[in-house]
Amino acid sequence: MKVAVVGATGMVGQVMLQILGERNFPLTELIPVASEKSVGKSIVYKDKSYKVVSLADAVKRKPEIALFSAGGDTSLEWAPKFAEAGTTVIDNSSAWRMDSTKKLVVPEINASEITADDLIIANPNCSTIQLVMALQPLHNAYQIDRVVISTYQSITGTGVKAVQQLENEYAGKTGEMAYPYPIHKNAIPHCDVFLENDYTKEEMKLTNETKKILSDDSVKVAATAVRIPVVGGHSESVNIEFKKAFEVSDVKKILSETDGITLQDNPGVNTYPMPIYAQGKNDVFIGRIRRDFTRENALNMWIVSDNLRKGAATNAVQIAEYLLNMRFKA
Ligand SMILES: NC(=O)c1ccc[n+]([C@@H]2O[C@H](COP(=O)([O-])OP(=O)(O)OC[C@H]3O[C@@H](n4cnc5c(N)ncnc54)[C@H](OP(=O)(O)O)[C@@H]3O)[C@@H](O)[C@H]2O)c1
């Protein structure tokens, strides 16, 4: 398979290359793409050096798959051009996620919705992916009525500029700011832009994308998204109200038997998920599972995952693997 990685020099693109290599994705040709300023630069894949090319050159080479992580504007303009050339685009930006003609896919949940006609497939937002991985099996068992979520999000979710900001502040240097305030020693309750309803776009992604992936508009999600000076992954404090009664032991059993989830839940020996454990791993880690005694059929949990992996690159590569299998079967 000829594969283009659009945004190959970025945070997600670099992890994308790492994961394609780790999973031995059957590449026949790699086409790394970035902005004009990076054309001609070298990137390394499996110890081999490749030259970065422009979007226009990449389209001409007609890759079978293009993994996009170069921002929404690039996706809006270029994904249709790749699709016209017969390429299937797997897009990490928010450009196509809520488009009713595009599938929003977490492979463990809804890969079976993908058909050969889908030439632009959307990868959900990082904080949504780890949330729905936990919600979907519990929704099947007990029907979720309402979810209240607060996130503690890694700066790697904002890209290379944010990592540079933290490094500068840590070293006492001034430089370009990715956030409106210092992030070192701070918590900023502001991820992505504010909307007219006073929520941020990140918070509304959690609400809207969750409904779409679970194929259930009745699931209510209220979110507060917070950026913290952490690099290993996003953490989420999640309160869920179910329509049906549950036993905590059954919840733990269901989650522990779900592909892609690792339970880390043994408070007696201080075992619970944290970004320092999740970093570099593909699973979603869940712990602190306990009944919420203040409401009927309510549960609290803590969910952590590496936002650059399952929250972005791993999920996209899993979709590409699904497409590959689909083609072999066809
Ligand atoms: N970080 C996360 O956890 C995460 C999770 C899910 C989704 N996403 C999404 O993934 C995308 C990239 O995020 P990131 O964190 O990897 O950002 P990043 O570190 O800033 O990287 C951006 C990448 O896009 C390229 N790019 C920018 N403008 C371009 C253009 N006009 N044409 C071609 N390439 C262009 C950049 O190339 P240059 O190096 O040449 O500038 C770079 O390779 C965003 O849409 C983001 O919302 C990120």
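The ligand sits in the largest pocket of this predicted model, where a pocket is an open set of points on a 1 Å grid over the protein atoms alone, with room for a 1.4 Å probe and with protein on both sides within 12 Å along at least five of seven lines, and where sitting in it requires that more than half of the ligand's atoms lie within 2 Å of its grid points. Residues are numbered from 1 along each chain as its sequence is written. Local features need pLDDT of at least 70, side-chain atom pairs count only at pLDDT 80 or more, totals for chains, interfaces and linings use all residues, and side-chain values use heavy atoms, with hydrogens and water left out.

Around the ligand there are 26 residues, the closest being T9, V12, S35, K37 and S38, and a residue is near if one of its heavy atoms lies within 4 Å. Domain 1 (2-123 + 312-328) and domain 2 (127-307) both give residues to this shell, so the ligand lies between them; the domain bounds come from an automatic or database domain assignment.

Backbone atoms also approach the ligand, as listed here for polar contacts (pairs of N or O atoms within 3.5 Å).

| Backbone N or O atom of | Ligand atom | Distance |
|---|---|---|
| V12 | oxygen | 2.8 Å |
| T156 | nitrogen | 2.9 Å |
| V160 | oxygen | 3.1 Å |

Taken alone, the ligand exposes 900 Å², of which the protein buries 77%, with accessible areas coming from the Shrake-Rupley method with a 1.4 Å probe.

Definitions and conventions:
Polar contact = N/O pair within 3.5 Å; in protein donor to acceptor, adjacent residues only side chain to side chain. 1 Å grid on protein atoms, 1.4 Å probe; cavity = no way out; pocket = protein on both sides within 12 Å on 5 of 7 lines; lining within 4 Å.
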